[in-house]
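Dear colleague,

Please find below the sequence and the structure that I am handing over to you. My notes on what was found follow directly after them.

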Amino acid sequence: MTGRYTLYAVMITLGGILAAGHRASAADTSASRIRPYEKEPSYWQYKGRPVLLLGASDDDNLFQLPDLERHLDAMKAAGANYIRNTMSDRRDKGFEVYPFKQLPDGKYDLGQWNDEYWSRFANMLRWTAERDIIVQIEVWDRFDYSGRNWPPHPYNPRNNVNYTSATSGLAVEYPDHPGANKQPFFFTTPKQRNIEVVLAYQQRFVDRMLSYTLKHDHVLYCMDNETSGEEAWSSYWAEHIRRRAADSGKKVCITEMWDDWDLKADRHRRTLGHPERYDFADVSQNNQKKGQAHWDNFQWARGAVSKHKRPLNTVKTYGADGGRFGDTREGLERWWRHVIGGAAAARFHRPDSGLGLSPPSVAAIRAARKLESVIKLWDVRPASELLKDRDENEAYLTCTSGRAYALYFTNGGSVGLDLRPHPGSWTLRWIDLRTGEWGATLALSGGSIVTIDTPAPGGWVAAITTK
């Protein structure tokens with residue numbers, strides 16, 4: 001191996017990273033950490049209380065965002081408590097920095113850190129903790145290591161002093177879409193190609209990340225961004241992170257995000273079918289679906305984990321006018337179908353693939369918090385079969401039969417709600433999803449199929465509770 005740092009020296013440092021001034025408390029703060037809700041594991045609890053995670057933010061690697069505190073304050077004011085944070089460093093907006101030190105000759109030393117990168121990361125963790133905002137980290141983002149982002153990257157063998165193409169097996173260009181999965185960077189683990197010279201630096205990076213995150217209780221871990229990689233890669237990093245956490249007396253919640261748009265695809269079963277390895281599932285790629293199929297596929301996923309209930313997160317909700325994945329209306333519908341359908345976490349993706357933190361997404365979050373104030377979503381279950389005279393994709397229902405019903409209309413309409421087994425007086429409170437504000441309050445009588453008509457076109461939620 002070439003370069004000033006040998007593989008042996010790097011491996012020696014791995015075990016001591018966490019102890020070098022960043023080791024977390026030896027006691028697992030299980031009562032306060034983010035974890036599945038004890039009474040209903042389909043949802044989360046934080047600081048010992050159930051919590052619905054709702055988010056909208058303007059970037060993927062949010063810790064690198066200039067003026068991040070202001071952005072977090074705006075999210076908090078809207079009722080958001082959930083962000084996506086990739087550990088990405090690609091310079092697509094100009095303000096991003098790499099995690100490694102750049103030497104005077106322009107090359108990088110993967111054995112030394114760029115303090116600015118890690119300072120930004122530490123600040124994000126501290127500021128989100130202060131605001132009770134949950135952070136879902138994606139450790140690896142495949143788009144950093146292919147196409148135009150790979151030639152300048154420090155891991156590229158021509159850009160560092162630690163290895164060459166000959167010793168690492170990494171080429172200087174990978175022009176194909178990362179979905180082609182041709183980048184050996186994602187084949188380094190022992191059960192794959194066992195590329196030790198690269199793996200050592202990958203481990204060092206992950207351990208450095210953990211040296212900051214394991215001091216906090218509000219962090220979730222996702223191994224990749226929409227990967228089509230091998231299962232061995234994901235399971236290696238899941239086990240590595242869990243082991244490092246255990247060494248620090250901590251427990252953490254881990255998942256993987258697969259690229260397949262169909263949640264019934266075999267790759268998703270790697271997560272949905274392995275509760276011993278993955279504590280929750282991120283099913284964001286369901287947001288490539290539309291309408292009734294979007295709802296049905298998510299309900300299938302809920303059924304797939306029903307024997308071992310776990311939270312289902314959707315950290316990326318696609319859809320915004322001018323984007324490639326549907327318009328603003330579709331983005332709002334997707335988000336609401338997941339919220340009403342039982343998702344533990346739902347976030348609007350960054351522009352222009354999603355709405356980010358914008359007036360429509362802010363109104364949606366405010367509306368959801370108003371709904372939550374009268375109906376706790378961890379206490380209800382999807383039950384659209386109780387709706388009568390319903391057109392496809394017109395309305396969706398979640399409820400505790402006889403106690404509370406949350407009825408979502410995608411764009412106005414009229415449906416029948418089966419209250420035949422439940423006579424008595426009910427109160428209906430409308431929430432206007434365009435503004436996030438309360439609408440009219442009506443009195444209903446149960447004991448029959450009650451017709452519910454929206455006040456106007458557009459998105460609406462009816463919160464129906466016993467009087």
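I begin with a loop: D352 lies between strand 13 (345-348) and helix 10 (359-374). Please note that the model is a predicted one. The peptide bond that joins P351 and D352 is cis, with omega at about 0°.

Two further loops hold an aspartate with an unusual backbone setting for your attention. In the loop between strand 4 (53-56) and helix 2 sits D67, whose phi is positive, about 60°, although D67 is not a glycine. D67 counts as partly exposed because its relative accessibility is 47%. D389 belongs to the loop between strand 15 (387-388) and strand 16 (395-400). D389 is not a glycine either, yet has a positive phi of about 55°. With a relative accessible area of 73%, D389 is exposed, the cut-off for that class being over 50%.

The nonpolar interior comes next. In soluble globular proteins, nonpolar side chains tend to be buried together. Here the largest nonpolar core comprises 107 residues, and W140, Y155 and W336 have the most contacts inside it. Helix 5 (residues 196-213) is the element that gives the most to this core, contributing nine residues. A second core, separate from that one, has 21 residues, A383, L397, L417 and W460 among them. Setting aside residues up to four places away in sequence, W336 touches G341, A364, A367, A368, L371, Y408, L433 and V461.

One of these partners, A364, is found in helix 10. A364 is buried, since its relative accessible area is 1%. Beyond residues up to four places away in sequence, A364 touches L332, W335, W336, F348 and L433. A364 and W335 are 29 residues apart along the chain, and 8.6 Å separates their C-alpha atoms.

I turn now to helix 3. Helix 3 (residues 115-130) has 16 residues, which at 1.5 Å a residue should span 22 Å; the C-alpha atoms at its ends are 22 Å apart, so the two values agree. Its buried residues are Y117, W118, R120, F121, M124, L125, W127 and T128. The cover over these buried residues includes helix 2 (68-78), strand 5 (82-86), strand 7 (108-113), strand 8 (134-140), helix 5 and strand 9 (219-224). Just after helix 3, D132 adopts a positive phi of about 55°.

How do helix 3 and helix 5 cross, and at roughly what angle? Their axes come within 10 Å and cross at roughly 35°, and the crossing is right-handed. From helix 3, Y117, W118, F121, A122 and L125 meet F205, R208, M209, Y212 and T213 of helix 5. Sorted by class, this contact has eight nonpolar residues, one polar and one charged.

Helix 8 (residues 291-304) may be read in a similar way. With 14 residues, helix 8 reaches 21 Å from its first C-alpha to its last, close to the 20 Å expected at 1.5 Å a residue. Its buried residues are G291, Q292, H294, W295, N297, F298, Q299 and A301. These pack against strand 12 (312-317), helix 9 (328-341), strand 14 (381-382) and strand 16.

On the side of helix 9, R337 deserves a mention: this residue is placed in that helix. Is R337 buried or exposed? R337 counts as buried because its relative accessibility is 1%. Not counting residues up to four places away in sequence, R337 touches K290, G291, H294, W295, E330, N393, Y396, Y408 and T410. G291, H294 and W295 are among the buried residues of helix 8, and Y408 is also touched by W336.

Lastly, L442 is found in strand 20 (residues 437-445). L442 counts as partly exposed because its relative accessibility is 40%. Apart from neighbours within four places in sequence, L442 is in contact with W426, T427, L428 and W430. The C-alpha atoms of L442 and R90 are separated by 52 Å, with the two positions 352 residues apart along the chain.

With kind regards

Notes
Residues are numbered from 1 along each chain as its sequence is written. This is a predicted model: local features need pLDDT of at least 70, side-chain atom pairs count only at pLDDT 80 or more; totals for chains, interfaces and linings use all residues. Side-chain values use heavy atoms; hydrogens and water are left out. A nonpolar core is a set of buried Ala, Val, Leu, Ile, Met, Phe, Trp, Tyr and Cys residues joined through side-chain atoms within 4.5 Å. Buried means under 20% relative accessible area, exposed over 50%, partly exposed in between (1.4 Å probe, protein chains only). Helices (H or I, at least four residues) and strands (E, at least two) are DSSP runs, numbered from the N terminus. Contact means heavy atoms within 4.5 Å. The expected span of a helix is 1.5 Å times one less than its number of residues. Axes are lines fitted to C-alpha atoms, for helices over the stretch in contact, and angles run from 0 to 180 degrees between N-to-C directions. A crossing is left-handed if the near helix is turned anticlockwise from the far one by less than a right angle, and right-handed if clockwise. Ala, Val, Leu, Ile, Met, Phe, Trp, Tyr, Cys and Pro count as nonpolar, Asp, Glu, Lys and Arg as charged, and the others, Gly among them, as polar.
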